[in-house]
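Welcome to a short guided tour of one structure. Have a look around first, and then we can go through some of its details together.

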Amino acid sequence: MNKSKKVLSLLLCGVMGLSFGVGCAKDPAVSSNQNQTSESQSAANTDKAGQGEAVKIAFLNSKGEIQAQLENMAKSFNEDYPNITVEIMPCPVGQSPTEILTTMYAANNTPAIVMLDPADVAAFKDKASDLSDEKWVSDAMPGSLDTLKADDKLIGFPFAVEGWGLIYNKAVLDEAGVDASAINTTSELEDAFKKIEASGKKGVVITSADWSLGAHLFTTAYSGQADNMSDIKAFLNGLAGGSTQIKDNAVVNGLLDTFDVMKKYNIAKSDPLSATYETNPEVIGSEKVGFWFMGNWAWSPIKDFAGDNTAFGFIPVPVSNNEADYGNNHMPAATTKALILDTAVNSKEQQEAAKTFLNWIVYEAKGQKGLVEECSIIPAFTNITLEINDPLGKSIQSYIKDGKTSIGVMLSNKHWGDVGAAMQKYLGDYSTREELFAEITTYWTSGDYK
Amino acid sequence: MKKQNALLTKLFTYTVFAGPVTLAFFTVIIIPFLYGLFLTFTNWDGVASNFAMVGFENYKTIFKDSGFIQSLKLTFKYVIFTVAITNAVSFSLAAILTSGTKGQNFFRAGFFTPNLIGGVALGYVWQFFFNNILTYMGKTIEIPTLQASFLSSPGQAFWALVMVAVWQYSGYMMIIYITGFLNVPKDVLEAASIDGAEGWTRVKHVIMPLIMPSFTISVFLTLQRTFMVYDVNLALTKGGPFKTTELISMYVYKKAFNERAYGIGQAQAVVLFIIVAIISITQVYLSKKKEVEA
């Protein structure tokens, strides 16, 4: 007994000693590594980086799927500017970056660059630096900066343009004899689903996450109201003020009719709320379904299951049975991620370094290549001519080129939470359409939308 | 003169031994608590540089907030079931594992292990279990109730949370009960047997009163932990499906950080603190009264 106790305590001591050793050994190794690389780099471009102390800035990334690519970009940026180190911090998929940033401000520990959803940018207006005089402002795509202004100051950098709709796997469609480009009404979509089922596959998969249903699927109905921002705003103000009833709106009802059809041909029909964003890419990538409602950000997870197949693309979610109606041929697209630069916690040098990083992305070949080809992000800048390397992004880019995009409407976290929950209920058949309308009306009259 | 010296010595001893702890206690508990209390009287949104004092406005909104009341009710339901089941299970386990069963040390270690897994990891493990393993089993052996995931139905998701909590806490509480069982004096038990008390009678009239302190601690710990649970709630259900399993901590967090109503969220947290404090103190007071000396 006594002996075994002694052995045990010895073991414990050993383990603790080891863990201390590991903790200590790690840091010097890393920093010496950094020293080495930065030495060799500074030798290579002394012209650019001669001046300036070493600056370290952090970048909060809320697009989990490009974490590794961003880290690579940070590395190649560091090659051009050896005195600036950018550290990429991840924020979990599906968790709101605003939430995290608010907690970070509460802890007084804020990254220099923060990737936010555009709807949340204005909330940080007194902490974010004014970017109105930056060079890239004049090269930004028309409309991409609209949502990033607060009090006439531009405070956001449009990082990514994204679009959402029904992703199709062409292999499945070809097998069933369906031509995706010909689908522009609800009944044609249903025919396509029927043909796919006849070929032994399932029609569609609907991700049950509240952010997908609330922030993308349902907002398609807002985008379909009009082709300009002021009319859409007027519609939303009507909803908030109570002068417009959501249940009377033709586009909303049309969208929900399509949603009913999608529900009917959903692969997870028996248990619709168990379909998660984490497992859905497998279903479409390995050709079990023809369609998936999602956005172009889903390419990297799909790719893992699609093998050599790159024949994927988008069609808009139809909102009526009249193919000429607005929305049936238009994909919602918007600036979905914006960067703000913190001024409250980070030093002047860090803020300047952050601005340098943004300019590097827009104007230097390496930065553009990293953004477009590696991260597969559709750039919001017209000076970038690189073509994106993934089929979904390409599909959106071609919609943009043809002028066939509608304005993607980005609203607050509460909108996505409340409307998303109401849509989940409707998806799982726990509520009727009237109850869905009642819950959405409750959100709109709650005063959250300003 | 001598008295003053004694006071100084005392002060010195206190500073040396308890000073660091007092400092830490003030900086990480008392000051944040008071600052938090102050924030409940403001309309701060969590990020803005300026905010205004609004008096008791935040507290007034709490009781008009149907979401808060609903979430509080759900939490009460969760606490009642979890505390009752956890303590029943851990008491039974302790009774079995002190009765001289074969391999009881192995079983004790086994039941304690879940307590060593962090809440978030545990939540994901169970999510996988409910979403994939259980549904797969249901499909293979054709039990219709198991084919749909527990987590996608509003009624069952609640029970999934209770199950995981019971599984997580039972082992820890079991250890506390085991200590209680081992401390019951053998002579009392022997006397009871001679008097003819066996089985349930012996447990109810002899053992239970003697291990009352274990009950006090276990019930207190489970009460406090289940009221404040957040990690498992987040990792297992995220409050879903459609907000039906949003326990109070998650509701308060979302209010403060997600909807950016820091003042209101903080006020709700204070109300929650008062509720939990009252319940825990009452519980400790009542069960202390029942404790007896052998």
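Let us start in a loop: N108(A) is found between α4 (97–106) and β3 (113–116) of chain A. Helices (H or I, at least four residues) and strands (E, at least two) are DSSP runs, numbered from the N terminus. Before going further, please note that this is a predicted model, in which local features need pLDDT of at least 70 and side-chain atom pairs count only at pLDDT 80 or more, while totals for chains, interfaces and linings use all residues. Residues are numbered from 1 along each chain as its sequence is written, chains are lettered from A and ligands numbered from 1 in the order in which they are written, and side-chain values use heavy atoms, with hydrogens and water left out.

**Chain A as a whole**

Chain A has 18 helices and 11 strands. Of its 450 residues, 54% count as buried; that word stands for under 20% relative accessible area, with exposed over 50% and partly exposed in between (1.4 Å probe, protein chains only). Among contacts in chain A between residues at least 6 apart in sequence, 74% join residues at least 24 apart, where a contact means heavy atoms within 4.5 Å.

**Positive phi angles**

Most residues other than glycine have a negative phi. N108(A), the loop residue named above, has a positive phi near 60°. Its relative accessibility is 57%, so N108(A) counts as exposed. E287(A) also has a positive phi, of about 60°, although it is not a glycine. E287(A) sits in the loop between α12 (280–285) and β8 (289–295) of chain A, and at 28% relative accessibility it counts as partly exposed.

**The nonpolar cores**

Which residues touch the most other members of the largest nonpolar core? They are F159(A), I167(A), Y222(A), L236(A), F291(A) and I302(A), in a core of 140 residues. Such a core is a set of buried Ala, Val, Leu, Ile, Met, Phe, Trp, Tyr and Cys residues joined through side-chain atoms within 4.5 Å. Strand β6 (residues 157–169) of chain A gives the most to this core, with eight residues. Apart from it lies another core, of 39 residues, with V79(B), W126(B), V166(B) and V270(B) among them.

Y222(A) has many partners to look up: not counting residues up to four places away in sequence, Y222(A) touches nine residues that include I232(A), L236(A), V409(A), H415(A) and W444(A).**Helix α15 and what covers it**

In helix α15 (residues 365–374) of chain A, the buried residues are G367(A), Q368(A), G370(A), L371(A) and V372(A). Their cover includes α3 (67–80), β6 and α14 (348–363) of chain A. After α15(A) comes S376(A), which has a positive phi near 55°.

**Two buried loop residues**

Here are two loop residues of chain A side by side, with contacts that leave aside neighbours within four places in sequence.

| Residue | Loop | Relative accessible area | Contacts |
|---|---|---|---|
| D342(A) | between β10 (331–341) and α14 | 1% | Y105(A), T110(A), P111(A), A112(A), K127(A) and Q351(A) |
| N266(A) | between α11 (250–264) and α12 | 5% | V204(A), V205(A), I206(A), P272(A) and L427(A) |

D342(A) and I155(A) are 187 residues apart along the chain, and their C-alpha atoms are separated by 9.9 Å.

**Cavities**

How many cavities of 30 Å³ or more are there? The count comes to two. On a 1 Å grid over the protein atoms alone, a cavity is a set of points where a 1.4 Å probe fits but cannot get out, and lining residues have an atom within 4 Å of a point. Grid points are joined across faces, edges and corners, and a volume is the space filled by probe spheres set on the points.

The second largest cavity holds about 40 Å³ of space. Its lining consists of T220(A), S223(A), G224(A), V319(A), Y326(A), G327(A), H330(A), P332(A) and S406(A). By class, this lining has three nonpolar, six polar and no charged residues. Here Ala, Val, Leu, Ile, Met, Phe, Trp, Tyr, Cys and Pro count as nonpolar, Asp, Glu, Lys and Arg as charged, and the others, Gly among them, as polar.

**Aromatic pairs**

A search of the whole structure finds 45 aromatic pairs over all chains. Rings of Phe, Tyr and Trp (its six-membered ring) pair if their centres lie within 6.5 Å; planes under 30 degrees apart count as stacked, over 60 as edge-to-face and the rest as tilted. The rings of F129(B) and F130(B) have centres 5.6 Å apart and planes at 70°, so this pair is edge-to-face. F129(B) is partly exposed, at 26% relative accessibility, whereas F130(B) is buried, with a relative accessible area of 1%. In chain A, ring pairs link F59(A), F77(A), Y81(A), F159(A), F357(A) and W360(A) into a cluster.

Note on methods: On a 1 Å grid over the protein atoms alone, a cavity is a set of points where a 1.4 Å probe fits but cannot get out, and a pocket is an open set with protein on both sides within 12 Å along at least five of seven lines; lining residues have an atom within 4 Å of a point.
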